[in-house]
Amino acid sequence: MRITLDSEKCQGHGRCYALAPTIFDTDDEGYAVLLVTGDGGELSPDQEAAATLAADNCPEYAIEVAP
Amino acid sequence: MTDVHTATGPDWATEFDHTSDAYADAAPEVWDELRATCPVAHSDAHGGVWLPTRHADISAIAHDTEHFSSEGVIVNVFKPYGLAPMGYAPPITSDPPFHADARRLLLPAFGPKAIASLEDGARATCRELLDELLAPGTDVVDAAREYAQHIPVRVIAAMLGLPKEDGDRFRLFIHRIIEKPGEYVGTIEPEDTLVHYLTQHLRRRRAEPPQDDLIGYLLATEVDGEPLRDEHIFGTLALLIIAGIDTTWSAIGASLWHLAQHPADRERLVTDPDVLPFAIEEFLRFYAPVTMARIAATDTEVGGCPVAERDWVLLPFPAANRDPEAFERADEFVIDRQRNRHVAFGLGIHRCLGSNLARLELTVAVDEWMRRIPDFELADEAAVRWSTGQVRGPRELPIRILRTAEVGA
């Protein structure tokens, strides 16, 4: 599974950082920063559940987790 | 248009008044009925106002700052004019491009990491209030007036650097501005207004040495080498006081109102503490307190309905949160809901600046209450009173305490 973050859509709701802090950080203004940057956003199997949770709780539909 | 009547109300599709008691009492049913039968309602109240209830329409408006201005965000027959792009309370009343700079000044103070540092203070406030509440022999308390309303007042006062004993005055100012807009005009002493209060306070602060709080920060901030204009500082402070108090008070009160009537949800919070963050989001979805508003910047349309330039449009985020097109089991409170893209804090560039603070306060308020008062019920269902206007929550909430627990026991 791969994860992508659309920073244009992110409005800093902070849900991803709260639910998946090993996958997302926030910048000083509260906008999401994706920590999984290598290999086209490929997630390790143990990250998939948290990544999906983050995507499912983003009010702006800014996160995509897909094969 | 289709007739939409609840048992006692007017024709909601054409005659709603969002500041009336009838609307406040039945709002979730009104939204559900309208969404199913007349998803973009219009009323002549307050000089004319539109009420969309579908998630898709509300989201489209919130994201469309070209056709919908934030120059006015609280529907009032006195419609703001000529104040764009700053508006009277930046950044909530600001439009692009001014909005981005005004918001960026405040974002760092309200980011998740900065707000996390306020948790200990917020917990101490809640514990202090519970200690006062649980005087020996007390079995009925008003959870709205004696608990929920004090929490955001104290937290925001500490953050801004205002005396916490001024809380009662803030609440009066807010009541006039949000709950009954327009009603008090011409009947208040000038000394007893938010304008006067803030003017006096800022004058004092400018004469004193700088302090490390949000007012100190705003007074010291420069944009492009210039200090902020007085009306900018003033408007931002008014916004932080107005926006941060009624709203959070409402969310805390509504959550306790729910728990008082749902023993299984109380039990779940006690036995499964990991569910708390999900429960908090579900409280926010199901009892989202805030309805915003916009003024149409041009002739446009909402969900196929023609909206004229300068028309008021309400953005009932709680109605979006109950739209079955956007949420599974939308009309059910699901304490451990895993997919929850609720819009309690709005959408787009005006996403609630204080959302991290509000979440912290709601989390701490519910958690501390449940630790001390794990079992409780409504003392008198008929005595519960909900606020009117664009911020919805219980203002009177008599609760009977069934069992208390010692903290740390």
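At what angle do the axes of α14(B) and α16(B) cross, and within what distance do they come? That was my starting point today. Before the numbers, a reminder to myself that this is a predicted model.

**Entry 1: α14 against α16**

I looked up the pair and got a crossing at roughly 115°, with the axes coming within 10 Å. Helix α16 of chain B covers residues 355–372, and α14(B) covers residues 276–286. Angles from 65 to 115 degrees count as roughly perpendicular, and α14(B) and α16(B) are therefore filed as roughly perpendicular to each other. I also noted the hand: α14(B) passes α16(B) in a right-handed crossing.

Next I wanted the residues that meet there. On the α14(B) side I have Leu276(B), Ile280(B) and Phe283(B). On the α16(B) side they meet Arg359(B), Leu362(B), Thr363(B), Val366(B) and Asp367(B). Sorted by class, this contact has five nonpolar, one polar and two charged residues.

**Entry 2: how covered is α14?**

I checked burial along the helix. Eight of the eleven residues of α14(B) are buried, so I wrote the helix down as largely enclosed by the rest of the structure. The buried ones are Ala279(B), Ile280(B), Glu281(B), Glu282(B), Phe283(B), Leu284(B), Arg285(B) and Phe286(B). I underlined Glu281(B), Glu282(B) and Arg285(B), which are among the buried residues.

What covers the buried residues of α14(B)? I found that the cover includes α12, α13 (263–271) and α16 of chain B. So α16(B), my partner from the opening entry, turns up again in this list.

Then I stopped at the proline. Pro277(B) sits in helix α14 of chain B. Is Pro277(B) buried or exposed? Neither, as it turns out: I count 14 other C-beta atoms within 10 Å, and burial takes 20 or more while exposed means 12 or fewer. Pro277(B) is therefore partly exposed. I also looked up a distance from this residue: the C-alpha atoms of Pro277(B) and Ile335(B) are separated by 9.5 Å, with their positions 58 residues apart along the chain.

**Entry 3: a second helix pair, α10 and α12**

Since α12 of chain B came up as part of the cover on α14(B), I looked at another of its neighbours. Helix α10 (residues 194–207) and helix α12 (residues 230–261), both of chain B, pack at an angle of about 120°. Their axes are 11 Å apart. With roughly perpendicular ending at 115 degrees, α10(B) and α12(B) are therefore oblique to each other. Their crossing is right-handed.

From α10(B), the contact uses Leu194(B), Leu198(B) and Leu202(B). From α12(B), I listed Ile233(B), Phe234(B), Leu237(B) and Ala238(B). The class tally here is seven nonpolar residues, with no polar and no charged ones.

**Entry 4: α8**

How many of the eleven residues in helix α8 of chain B are buried? I get nine, so the helix (residues 150–160) goes down as mostly covered. His150(B), Ile151(B), Pro152(B), Val153(B), Arg154(B), Val155(B), Ile156(B), Ala157(B) and Met159(B) make up the buried set. Just after α8(B) comes Gly161(B), and I noted that its phi is positive, near 90°.

**Entry 5: chain B as a whole**

I stepped back from the helices. Chain B has 16 helices and 14 strands. Its radius of gyration is 21 Å, close to the 22 Å from the globule rule for 409 residues, so chain B is as compact as a globular protein of that length. Along the principal axes, the C-alpha trace spans about 60 × 60 × 40 Å. Buried residues come to 48% of the 409 in chain B. For contacts between residues at least 6 apart in sequence, 70% join residues at least 24 apart.

**Entry 6: chain A and the interface**

Chain A has two helices and four strands, and from the N terminus on they run β-α-β-β-α-β. The radius of gyration is 10 Å, close to the 11 Å that the globule rule gives for 67 residues, so chain A is as compact as a globular protein of that length. The C-alpha atoms fill a box of roughly 30 × 20 × 20 Å along the principal axes. I have 43% of the 67 residues of chain A as buried.

Last lookup: how many residues of chain A are in contact with chain B? The count is 15, and they touch 20 residues of chain B. The chain A side of this contact has four nonpolar, seven polar and four charged residues.

Conventions
Residues numbered from 1 in each chain as written. Chains lettered and ligands numbered in written order. Predicted model: local features only at pLDDT ≥ 70, side-chain atom pairs only at ≥ 80, totals over all residues. Contact = placed C-beta atoms within 7 Å. Nonpolar A, V, L, I, M, F, W, Y, C, P; charged D, E, K, R; others polar. Rg over C-alpha atoms; globule rule 2.2 N^0.38 Å. Axes fitted to C-alpha atoms, helices over the stretch in contact; angles between N-to-C directions. Parallel < 35°, antiparallel > 145°, perpendicular 65-115°, else oblique. Left-handed = near helix turned anticlockwise from the far one by under 90°.
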